[in-house]
Amino acid sequence: MSYEKVAQAKSEIVIGTKQTLKAMKNGEVIEVITADDADQTMTLKVVRLARELKIPHTRVSSMKELGNACGIDVGAATVAIKQ
């Protein structure tokens, strides 16, 4: 389900851990999605900040499928949906 949500919000997404963290700190994010098969040291920072800022967090199983939903040819560890 989250893959479809990302695909529908394609123009309003931020891809990648660094960009997601930056957008979260700037108050631009309404939801964060992380891939379970991503490096947990990377995604843990996003999960912690989302919890701290009370931003909804959704987990998906595959980086590759998350990347495809974003319209990119590589996997995505984290994606943020902007307001």
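This passage describes the salt bridges, one helix and one long-range approach in a predicted model.

Two salt bridges are present in the structure. Side chains of opposite charge can pair when their charged atoms come close. In one of the two salt bridges, the side chain of Lys 82 meets that of Glu 28, with an N to O distance of 3.9 Å. This pair links distant parts of the chain, since Lys 82 belongs to strand β4 (residues 78–82) and Glu 28 to the loop between α2 (17–25) and β2 (29–35), 54 residues apart. Both partners are partly exposed: the relative accessible area is 30% for Lys 82 and 31% for Glu 28.

The other salt bridge is formed by Asp 36 and Arg 59, whose closest N and O atoms are 2.8 Å apart. Asp 36 is located in the loop between β2 and α3 (40–53), and Arg 59 in strand β3 (residues 57–60); the pair therefore ties together parts that are 23 residues apart in sequence. Asp 36 is partly exposed, at a relative accessible area of 35%, whereas Arg 59, at 57%, is exposed.

Helix α2 carries both buried and exposed residues. Thr 17, Thr 20, Leu 21, Ala 23 and Met 24 are buried in this helix. Viewed down the axis of α2, these buried residues fall within an arc of 165°, and they therefore line one face of the helix. An α-helix has 3.6 residues a turn, so residues three or four places apart point the same way. The cover over the buried residues of α2 includes β1 (13–15), β2, α3 and β4. On the face of α2 turned away from the buried side are the exposed residues Lys 18, Lys 22 and Lys 25. Just after α2, Gly 27 adopts a positive phi of about 75°. The loop between α2 and β2 also holds Glu 28, the salt-bridge partner of Lys 82 in strand β4.

A further approach between separate parts of the chain involves helix α3, in which Gln 40 is found. The C-alpha atoms of Gln 40 and Ala 77 are separated by 9.2 Å, while the two residues are 37 residues apart along the chain. Gln 40 is partly exposed, with a relative accessible area of 46%.

Terms used
Residues numbered from 1 in each chain as written. Predicted model: local features only at pLDDT ≥ 70, side-chain atom pairs only at ≥ 80, totals over all residues. Heavy atoms only, no water. Salt bridge = Lys/Arg side-chain N within 4 Å of Asp/Glu carboxyl O. Helix = DSSP H or I, 4+ residues; strand = E, 2+ residues; numbered from the N terminus. Buried < 20%, exposed > 50% of the residue type's maximum accessible area, 1.4 Å probe, protein only. Arc of directions from axis to C-beta. Contact = heavy atoms within 4.5 Å.
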